[in-house]
Amino acid sequence: MKLPKIIYPGVYHHPEHGHGICPHKRLNLTISGLVKSINYDSNGKLLSSFDGMYGPAKPSLSIGFPGFHSDYIYGDHRENWVISFVWDALNYDPEKSCLTLDYDGVLLEMPLHLELTHGKVESLRTQCRTIREYHLSAIPANQLAASIILQSLFLQFLQAPRGEDDAVEQLKKRLDQDENWAISILDHCKAVGVGRDTLRNKFMERYRIAPGEYRIRKRLQKIQDLFARTDLSLKEIAFSVGMKNATHLNSLLLQYYGKTPSELRKEFRQQTSDAPKLTADAWKAFDCQEDPFAGCR
């Protein structure tokens, strides 16, 4: 297996509020300063969301791919390391939203994002600092060492616990499979066999988003796709996402985007590759015990 080729390693400390698109594969070590973020893959699929109102961000290690995009806010005391690289062996599976590493023809699946214990942070910070120093030295032997260290960081992803059969993953799978939004979150929790509040808290702890808001964002993503790729009427789109009528669709879109369905249809058709840009009001988290639009079904 060939080593990854480093393009540029950097570290950021300044506060920032913006939108970014990955031009290359990159490893992100976020240690501190993250306030809010929402991340999409190159197809506009929601990957993760974080809002600091639920608690401080935990240190994390994640991988981005070309075309991945995010809206983010970093405040004071920011520290995040970014290493851009090229590595043909590492790819992204959009169906499973996971990494695939080609090891002698065997595709190993790994998560895109890892939360880190504080015990691992200092070690990873040191490795990222060494990668940066070695790569910028312009000495071939040092640059080779930097690539070897970068490759070794993927042990974190290979050794990550999967937890595929626990209650949180069961709930997520059920929400993902309920494409018509026909079942309430309460009934999903009953099917999993765990109390709604308990499961909601565990879901938020793992994914940094409430189950109700996660479901709303999936609904918004489907609406965006239908606007961009079909000529369905607003009523047909409402039915396709589990709503009784276009009035509820209009209410949801105004709540999250501050725009009418007609305005959004035009926007999404012009920029089908762009992730939706949420308004300031959209960052007000839906701290919902249930999907607030459950009555739309």
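Me: In this predicted model, is the crossing of α1 and α2 left-handed or right-handed?
Reply: The two helices concerned are α1, residues 118-136, and α2, residues 140-153. Their crossing is left-handed.

Me: Are α1 and α2 roughly parallel or roughly antiparallel?
Reply: The axes of α1 and α2 lie 8 Å apart and make an angle of about 150°. Angles over 145 degrees count as roughly antiparallel. Therefore α1 is, relative to α2, roughly antiparallel.

Me: How many charged residues are in the contact of α1 with α2?
Reply: On the α1 side the contact includes L124, I131 and Y134, and on the α2 side A145, I149 and L150 are among the residues met. By class, the residues of this contact are nine nonpolar and six polar, and the number charged is none.

Me: Which residues does L150 contact, leaving aside neighbours within four places in sequence?
Reply: L150 is one of the residues that touch the most other members of the largest nonpolar core, which has 33 residues. That core draws at least two residues from each of several elements, including β3, β6, α1 and α2. Beyond its sequence neighbours, L150 is in contact with P4, I6, L27, I83, F85 and I131.

Me: Is V11 buried, partly exposed or exposed?
Reply: V11 sits in strand β1, residues 5-12, and touches E79, N80 and W81. Its relative accessibility is 25%, and buried means under 20%. Exposed would need over 50%, so V11 counts as partly exposed.

Me: What is the C-alpha to C-alpha distance between V11 and W81?
Reply: W81 is among the residues that V11 touches. The two are 70 residues apart in sequence, while their C-alpha atoms are separated by 4.3 Å.

Conventions
Residues numbered from 1 in each chain as written. Predicted model: local features only at pLDDT ≥ 70, side-chain atom pairs only at ≥ 80, totals over all residues. Heavy atoms only, no water. Axes fitted to C-alpha atoms, helices over the stretch in contact; angles between N-to-C directions. Helix = DSSP H or I, 4+ residues; strand = E, 2+ residues; numbered from the N terminus. Parallel < 35°, antiparallel > 145°, perpendicular 65-115°, else oblique. Left-handed = near helix turned anticlockwise from the far one by under 90°. Contact = heavy atoms within 4.5 Å. Nonpolar A, V, L, I, M, F, W, Y, C, P; charged D, E, K, R; others polar. Buried < 20%, exposed > 50% of the residue type's maximum accessible area, 1.4 Å probe, protein only. Core = buried A, V, L, I, M, F, W, Y, C linked by side-chain atoms within 4.5 Å.
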